[in-house]
Amino acid sequence: MSNGSFPPSPGRRSGTLAVVLTALVPACLAGWLIWDSMGDPKSGGTSSLPTADSTSIAPPASGGPSGGATRHPKDDSGRPLTGKVVVIDPGHNPHNRDHPSAIARSVDIGTAKKECDTTGTATNSGYSEASFTLDVSRRVRTLLQDRGAKVVFTQDGDRAYGPCVDERAEIGNKAHADAAVSVHADGAAAGQRGFHVILPASVRGGGADTSAITGPSHRLGTRLVTEFSEATGAKPANYMGDGTGLKVRDDLGGLNLSTVPKVFIECGNMRDSKDAAQLTDAAWRERAARGIAQGITDFLNR
């Protein structure tokens, strides 16, 4: 053996073993008692080691055969919108201003004729509504895709102009969207502040029939008002909707011609300096996107 040591005699071995066992048995017993007092996770104890489901399934509440509470299965995907189709319609188009005659032509909105599209409004400093709507819509798309949704855009700044309002509705219809939201900002007078959601009126005539979508669209709009306000701190418009944040209209082809639940959201008034300060702030636009995405998620998970 190394280091010049010698093997112990038989007598020394037995004595040493007795000493070791004498010290070891109480230590093991103490360890077992501590473990037992902490509890076995599988038997409802309070072990500090989490089980596989400890972050996703709450323990049953007291009362009833299993505590009186419903245990929900774990959502392994973490993607609550998987299988859902959402159409996001960024209002206007940054290139519309280069095609005035094309966007001025009339199209059928079911109950009347209206221009194909417009350039939209802008802040006093020149930040355009079309730029705003694209930015917010892209942020919404990222959030919804992260939740598993298939997101369809009506335009992504990749078209010469438009599309026209009738085509915007048709894109949602062909996609069989579970929800569609058209993103806008308003151009009201200074001092008129806040956001509002536009709902489709009950319209029937020509190529328009909203009878099947007015109810679900109202539910979608209500959820958007709640979540948008919470995410941004913005208040419902002080110039329409009687403080509800909701406005029903029958003159918008994007709503009249839709066969899927659809609303418009006017995120603020670009012509008011206080609203404009928010609309031009990237951090605020991210919060706006989160509010819109959460409103859509709430509606689809109703």
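These notes walk through a few features of the structure above, which is a predicted model.

1. **The sheet.** A good place to begin is the open sheet of six strands, whose order is 4-1-5-10-6-9, with mixed pairing. Strand 4 and strand 9 (246–249) stand at the edges; each has a single partner strand, so one side of each is left without a neighbour in the sheet. If you compare neighbouring strands of this sheet, they are turned by 25° against each other on average, direction ignored. As background, strands of a sheet pair through backbone hydrogen bonds, either parallel or antiparallel.

2. **One strand pair up close.** To see pairing in detail, try strand 6 and strand 9, which pair in the parallel sense over four bridges. You can find one of the partners by starting at Val197, whose bridge partner in strand 9 is Leu246.

3. **A helix lying on the sheet.** Next, look for helix 8, which lies across strand 1, strand 5 and strand 10. Relative to strand 5, helix 8 runs at about 150°.

4. **The nonpolar core.** The largest nonpolar core has 37 residues. Those with the most contacts inside this core are Ile88, Leu144, Val181, Phe228, Cys267, Ile292 and Ile296. Several elements give two or more residues to the core, among them strand 1 (85–90), strand 5 (179–186), strand 10 (262–269), helix 5 (214–232) and helix 8 (282–300). Which element gives the largest share of this core? Helix 8 does, with eight residues.

5. **Two core residues to click on.** Ile296 is a nice one to explore: leaving aside its neighbours within four places in sequence, Ile296 is in contact with Val86, Ile88, Leu144, Val181, Leu220 and Leu224. Is Cys267 buried or exposed? Cys267 has a relative accessible area of 3%, under the 20% limit, so Cys267 counts as buried.

6. **The disulfide.** The count of disulfides comes to one. Cys116 and Cys164 form this link, with their sulfur atoms 2.0 Å apart. The pair links distant parts of the chain, 48 residues apart. Cys116 sits in the loop between strand 3 (113–115) and helix 3 (129–146), while Cys164 sits in the loop between strand 4 (150–153) and helix 4 (165–174). The link is left-handed, with -90° about the S-S bond, and both Cys116 and Cys164 are buried. In case the word is new to you, a disulfide is a covalent bond between the sulfur atoms of two cysteines.

7. **Lys114.** This residue lies in strand 3. Why does Lys114 count as partly exposed? Its relative accessibility is 24%, which falls between the 20% and 50% limits, so Lys114 is neither buried nor exposed. The side chain of Lys114 reaches the backbone oxygen of Asp251 at 2.7 Å. Not counting residues up to four places away in sequence, Lys114 touches Arg105, Ser106, Val107, Ile109, Asp251 and Leu252. The C-alpha atoms of Lys114 and Val165 are separated by 8.7 Å, although the two residues are 51 residues apart along the chain.

8. **Thr232.** Finally, visit Thr232 in helix 5. At 10% relative accessibility, Thr232 counts as buried. What does its side chain reach at 2.7 Å? The partner is the backbone oxygen of Phe228. A polar atom of the Thr232 side chain also lies 3.1 Å from the backbone nitrogen of Ala234. Not counting residues up to four places away in sequence, Thr232 touches Trp284, Arg287 and Ala288.

Terms used. Residues numbered from 1 in each chain as written. Predicted model: local features only at pLDDT ≥ 70, side-chain atom pairs only at ≥ 80, totals over all residues. Heavy atoms only, no water. Disulfide = S-S within 2.5 Å. Buried < 20%, exposed > 50% of the residue type's maximum accessible area, 1.4 Å probe, protein only. Core = buried A, V, L, I, M, F, W, Y, C linked by side-chain atoms within 4.5 Å. Contact = heavy atoms within 4.5 Å. Polar contact = N/O pair within 3.5 Å; in protein donor to acceptor, adjacent residues only side chain to side chain. Pairing = 2+ DSSP bridges. Axes fitted to C-alpha atoms, helices over the stretch in contact; angles between N-to-C directions.
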